[in-house]
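Trainee: Could we go through the side-chain contacts in this one together? I'd like to take it slowly.

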Amino acid sequence: MTPPTIQCGPGASSMFSLFQALEPCRILPDSVGTRYLEYSWTRNASMIFLDQPTDVGFAESDRVIGTLAEGAEDFEGLLEIFLDAFPALKGRELHIAGESVNVTSVILGNAFTDYASAVDGYEDILCSDDLDLGAGNEYRNKLCSKIKNRKSAKAKELCKAAEKFCIINITLPNTTSSGELFNLFDIRKSCPSPPICYPDASWIQTYLNSDLIKKALATPSSFNYAIYDPAIDSAFTENGDTALSTWPDIVTLLERGVSTLIYSGNLDSAVPSAGMRRALERLEWSGGNKWRKRAMRDWWYGEQTEKQKGGSVKGGDGLWWV
């Protein structure tokens with residue numbers, strides 16, 4: 001089958017995707033071992049989980065990457081080395097999934113394309129009276145008034161300023177008066193282990209730092225695997241790269257015939273789905289007019305007798321939104 005490449009970033013290791021999202025097995029609580037999962041992407045495809053840029057996770061380096069251009073150059077180099085090492089895979093289709101060779105398709109999961117789209121969706125998720133979040137209502141109401149007048153900016157320096165505003169006023173103060181921390185990626189839930197918020201992250205980190213795994217991977221005993229590197233994240237922020245829009249790159253993919261799937265959770269306050277959906281509706285590309293006329297429809301999953309609604313989907317002409 002085709003080999004998708006999975007990447008996270010900036011600063012977050014793809015081992016989280018390997019053991020928590022798309023995994024053939026999942027780390028057990030307290031890092032005591034793994035358990036097999038019947039449903040995994042690896043049942044239908046050969047997969048690479050890539051720690052990128054360098055100095056993230058297992059990608060040990062003595063330099064800190066701080067721009068998309070630097071990361072892309074290293075990414076291309078790694079693929080060339082990989083295909084030289086595994087020549088049987090040369091010529092196969094390549095599908096890339098992540099945030100951001102002949103690429104056949106890309107999957108962008110909760111992709112942070114630009115601050116304008118994110119901020120445009122903050123109001124929907126945080127200022128809706130129709131959504132009852134229980135204790136989370138306090139967090140939502142506290143932030144709602146701060147974001148209504150903070151919309152998009154185009155210039156790079158203005159985007160950096162807007163980004164810092166959002167980090168200080170929206171991303172960081174995600175607590176109630178009792179001090180409970182809320183999960184930015186699902187605001188119905190608490191965040192027991194920031195910044196990733198899921199206990200699996202600490203289990204994965206402990207497991208991958210075990211003597212058993214270090215021996216299997218031939219990593220030095222002194223090496224300390226970290227599932228998240230804030231220095232990489234800060235470098236991208238200071239260089240203004242995380243504030244730049246990647247919509248022009250997505251348009252380039254669409255015009256080249258690269259099938260593109262973009263999905264976002266409707267309770268993810270880090271990448272609000274409402275802002276992403278409106279940005280897609282405005283996107284100017286050759287298939288845009290036809291795509292905009294397509295209707296949203298329900299998406300179901302599971303066996304025929306036990307189907308459950310998983311969300312909504314709109315797609316065709318090379319672009320899919322879930």
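Mentor: We will talk through ring pairs and then charged contacts, keeping in mind that this is a predicted model.

Trainee: How many aromatic pairs are there?

Mentor: The count comes to six aromatic pairs. One of them is formed by Phe19 and Tyr207, which meet edge-to-face with 6.2 Å centre to centre and 75° between the planes.

Trainee: Is Phe19 buried or exposed?

Mentor: Phe19 is buried, with a relative accessible area of 11%, and Tyr207 also counts as buried, at 13%.

Trainee: And why is the pair of Phe58 and Tyr225 stacked?

Mentor: That pair is stacked because the planes of Phe58 and Tyr225 are at 25°, and planes under 30 degrees apart count as stacked. Tyr225 is buried at 0% relative accessible area, whereas Phe58 is partly exposed at 25%. Together with Phe223, these two residues form one aromatic cluster.

Trainee: Switching to charges, what does Lys314 do with its charged end?

Mentor: The charged end of Lys314 sits over the ring of Trp291, 4.4 Å from the ring centre. Lys314 also forms a salt bridge with Glu281, where the closest N and O atoms are 2.8 Å apart.

Trainee: Where in the chain are those two salt-bridge partners?

Mentor: Glu281 is in helix 10 and Lys314 in strand 9, so the pair links distant parts of the chain, 33 residues apart. Lys314 counts as buried at 4% relative accessibility, while Glu281 is partly exposed at 24%.

Trainee: Which residues are joined into one salt-bridge network?

Mentor: Salt bridges that share partners join Lys290, Arg294 and Asp317.

Conventions. Residues are numbered from 1 along each chain as its sequence is written. This is a predicted model: local features need pLDDT of at least 70, side-chain atom pairs count only at pLDDT 80 or more; totals for chains, interfaces and linings use all residues. Side-chain values use heavy atoms; hydrogens and water are left out. Rings of Phe, Tyr and Trp (its six-membered ring) pair if their centres lie within 6.5 Å; planes under 30 degrees apart count as stacked, over 60 as edge-to-face and the rest as tilted. Buried means under 20% relative accessible area, exposed over 50%, partly exposed in between (1.4 Å probe, protein chains only). A charge sits over a ring if NZ of Lys or CZ of Arg is within 6 Å of the ring centre and within 35 degrees of the ring normal. A salt bridge is a side-chain nitrogen of Lys or Arg within 4 Å of a carboxyl oxygen of Asp or Glu. Helices (H or I, at least four residues) and strands (E, at least two) are DSSP runs, numbered from the N terminus.
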